[in-house]
Each structure stands twice: as C-alpha cells, then as structure tokens.
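Welcome! Take a moment to turn the structure around on your screen, and then let us walk through it together, one part at a time.

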Amino acid sequence: MKPLLPLEEAQQRLIAMAQPLPSETVPVEEALGRYIAEDLIAKRNQPAADMSAMDGYAIRFEDRKGPWQLVGECKAGSPPCPPLQPGQAARIFTGALLPDGTDTVVMQENVQPNGDKIVLTSDPSPAKGRHVRYQGGDFQAGDVALKAGTQLNAAALGHAVIAGLGSVSVGRCPKIAVLSTGDELVAPGSKTEAHQIPASNDVMIAAMLAPLPVQYRSISRIKDDMASLCAALESAKDCDVIVTIGGASVGDHDLVAPAFKKLGGETDFWKIAMKPGKPLMAGKLGNSLVVALPGNPGSAFVTATLFLLPLIRYLAGALSPMPVIQMANSKTALPATTQRAEFLRARVDGTGISTLESQDSAKLSMLAAANALLFRPAHNPEQPIGAAVSYIAI
C-alpha cells in the first residue's frame, strides 16, 4: 500500500503548483481585503509639520513658568499662526500647526486668565516638547508604509490614505468555483426525507472564503453521475481554482477522481496523512487548480483551513498564506498519535485549550461549538494536562 503523503509536504506541493496572480491598480475605496502587490511607499510626512496633540496653549519651553501674553489662536486646518516672541503664548487646538518660536503645549486645564495674561495653576510640562506631535513622527516620505503581501484591512487602508495614496497595486482576485456533489443533497431550508440532507458544505466553504478577495461561483448539488459531474467541471474551467466537495474517496459513487481523469486532469497528490481529511485530492485541469475536499463537514472545514484558504491567499498575493499557529496549555490529557496528524475541534480561552467531547467529522454541532483546531503532529507521544500544544484559531 502506498504510504500517505505527510501533511506539510502536501501543503508545500499545493502551493508549488500555483503562481501569484498578476497585479492591478484599484482605488483605495475598493481595496478592502486585497493584498498589496508591491511595497507601499509613503508620499508625504506624517505629521506634515509640528502640531499640537492637545487643546491648550503653545509656548516656548524656556518660558514654562509663565505668565504669558496671549497673542493669537491656532486652529486645525488653518495656516500656521504668526511666530511668537519670548513671553508670548497662542491658544491652540488639537491638530493645529505649532507657531514658529514655540516647542511645547500647556494643557488648557493647567492655566487660568489673569487680566490680559494667562498664568499657571499647576506644572504643565516636565519635559520639552510635551503634547507636541513632531513632523514625520509617524512616518516620513519615502518610508515603506506597508509591505508587499499585506492584507488591506480598515487600519491599513487608513494608513495608505494618510501616506498620500489614492490607489494601490494589489493582487488580482482569484476566480473560485465551488462544486458540491451528492444525490442526497437538497437546498438549504428545504423539507428533507430520511435519505436526504441539506447542502451545508458549500454554504460553509463560501463563508470561509468571504473574508478573502475572491470572485466566487457556486455550482451546487451536482448529482452522482459521470455526465453531470463532467459538465460541472467543464463549466468551471475558466476559474483559477475549482473546489469540489464530496465524492473524493474510493467508493462506487465517489466520482470526482474518475471524472477528473476523464477530462484530462492531472493529479498531483491524493490521500493525506491527516485526520480528519485523509481523502483530499489536488491537481490541475487545464489552467485550473483543482482541490477536492472530503464530504464530511468536519473534514471539509479542516482541509479548507489547511489547504484551500492558504492557496487562495497565495494566489491573491499574501506574504504569509499559511494558517497562524498559536500555543496554549492543554486542559486535558492527549493520547499519542499514529502516522496521521490530527486536528481536534477544541475550545481555547485564557486558561488553556480543551478538546470537545466528540471528534466525529460528521457532527457540525461540534464544529460550531469549537473556536480552535488543536494540532497533534503524527507520531506524537501522549501529552499530559498542562502540556504546551499548537492550535489554529477558527
């Protein structure tokens, strides 16, 4: 019997089959979730000039004991106030440019009027430059604002704009077709007979893909016959990735592999040393990458987490496409593993991580209750309570 392919090797082989897609330039308003194709270089200093971080009074640090002659008012969004002379102060508001001749801001709570002057009521400034945001203190023109491969979330988009960008170069969105197979599948919400089941996997996989920059196409509930499956695969050959769910094993009605072969597909690997998710298959059909996920919901979820999502991130230009591995202390003892790596549905919190009572890959209730996949490497010895273990947050 041919040995199962180790998990890490299978992940590497899948990525090696792909190439990041070409870049395109889009307005920042349309770039949420996209991956930057090249280092984003700041076009301006931030702040553009020294400015106040507080509402208060701009003074010279040498005059910090006061009193000061109040000579003007500096507002955010206005040109700088006239230069100040020794002994003078200007009313200043958060974000306003600091007048020449000043270097410190006294908070308005620390002064009070005294005739035509203002005086201290408490010590406002133990250090020169208090409450001042200096020119270029955040970043300077020419700095790398964001590294290539960074995903543009809300904060990163704000950073791109403040750095002077109105558009950004990003990786193209991969085109993804998801094909769910099985005579037993019916539409969500439909009445089901005992031999039927609502088609949950394609909805689940679509939700997993939603945070990523993809063009998604659903080809749902394909019957278990060769003609239907071949027609569905043919209809998706314009996509970068074709994902099938179910029918990837070796039963008489598991037709994904035979249909794939009939259409001229080239299998790169099939069957992984992992649990759940052993029947995973990957290959190429024309210019499309094909990832065949198992039909059990737990298996489909785990293999999508470890293979499909990293592949999509890589195609879209991600710097780090693989899942983020975190560490926690196990709150339960863990038995030794065999030749297959294991991903156990688990709950993690500030006190540690514990596996759920059932690991049956058909039980969506267990998957819905989990917020982590606890990773056990192949041939890992028994782990006691308190052992440090790896997990992926879900």
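## A walk through the fold

Let us start with one pair of residues: Thr181 has Ile222 of β16 as its bridge partner. Keep in mind as you look that this is a predicted model. The pair belongs to a longer contact between two strands, since β13 (residues 175-181) and β16 run parallel and are paired over 6 bridges.

Now widen the view to the sheet around that pair. It is an open sheet of 6 strands with mixed pairing, and its order reads β16-β13-β17-β21-β20-β18. At its edges you will find β16 (215-222) and β18 (266-270), each of which pairs on one side only. If you compare neighbouring strands here, ignoring direction, they are turned by 15° against each other on average.

Two helices lie across this sheet. Helix α4 (residues 226-235) crosses β13, β16, β17 (241-245) and β20, and runs at about 175° to β16. Helix α1 lies across β18, β20 (281-285) and β21 (288-293), running at about 155° to β18.

Let us stay with α1 for a moment. Which residues of helix α1 (residues 7-16) are buried? They are Leu7, Ala10, Gln11, Leu14 and Ile15. These residues sit on the same side of α1, because the arc they cover around the axis is only 130°. Look at the face turned away from that buried side, and you will meet Gln12 and Ala16, which are exposed.

Next, move to another sheet. It is also built from 6 strands, and it is open with mixed pairing, in the order β7-β4-β6-β5-β9-β8. Why do β7 (104-107) and β8 (111-114) each have one side without a neighbour in the sheet? Both stand at the edges with a single partner strand, so one side of each is left free of a neighbour. On average, neighbouring strands in this sheet are turned by 45° against each other, direction ignored.

You can follow the pairing from the β8 edge inwards. Strand β8 is joined by 4 bridges to β9 (residues 117-120), and the two run antiparallel. Within this pairing, Gln112 has Val119 in β9 as its bridge partner. Strand β9 also pairs with β5 (residues 68-74), in the antiparallel sense, over 2 bridges. From β5 the path continues to β6 (residues 88-92), which runs parallel to β5 and is joined to it by 5 bridges.

Gln69 is a handy landmark along this path. This residue stands opposite Lys117 in β9, and Gln69 also has a bridge partner in β6, namely Gln88. One general point may help while you look at such strands: in a regular strand, side chains alternate between the two faces of the sheet.

Finally, step back to see the whole protein. How many helices and strands does the protein have? There are 7 helices and 26 strands. The protein is more spread out than a compact globule, because its radius of gyration is 30 Å, well over the 21 Å that the globule rule gives for 394 residues. Along the principal axes, the C-alpha trace spans about 95 × 50 × 40 Å.

A few totals round off the picture. Of the 394 residues, 47% count as buried. The accessible surface is about 18800 Å², and carbon and sulfur atoms make up 52% of it. Among contacts with a separation of 6 or more, 70% involve residues 24 or more positions apart.

How values were computed: Residues are numbered from 1 along each chain as its sequence is written. This is a predicted model: local features need pLDDT of at least 70, side-chain atom pairs count only at pLDDT 80 or more; totals for chains, interfaces and linings use all residues. Side-chain values use heavy atoms; hydrogens and water are left out. Two strands pair if DSSP finds at least two bridges between them. Axes are lines fitted to C-alpha atoms, for helices over the stretch in contact, and angles run from 0 to 180 degrees between N-to-C directions. The radius of gyration is taken over C-alpha atoms; the globule rule is 2.2 Å times the number of residues to the power 0.38. Buried means under 20% relative accessible area, exposed over 50%, partly exposed in between (1.4 Å probe, protein chains only). Contact means heavy atoms within 4.5 Å. Accessible areas come from the Shrake-Rupley method with a 1.4 Å probe; for residues, only the protein chains shown count as cover. The arc is that of the directions from the helix axis to the C-beta atoms.
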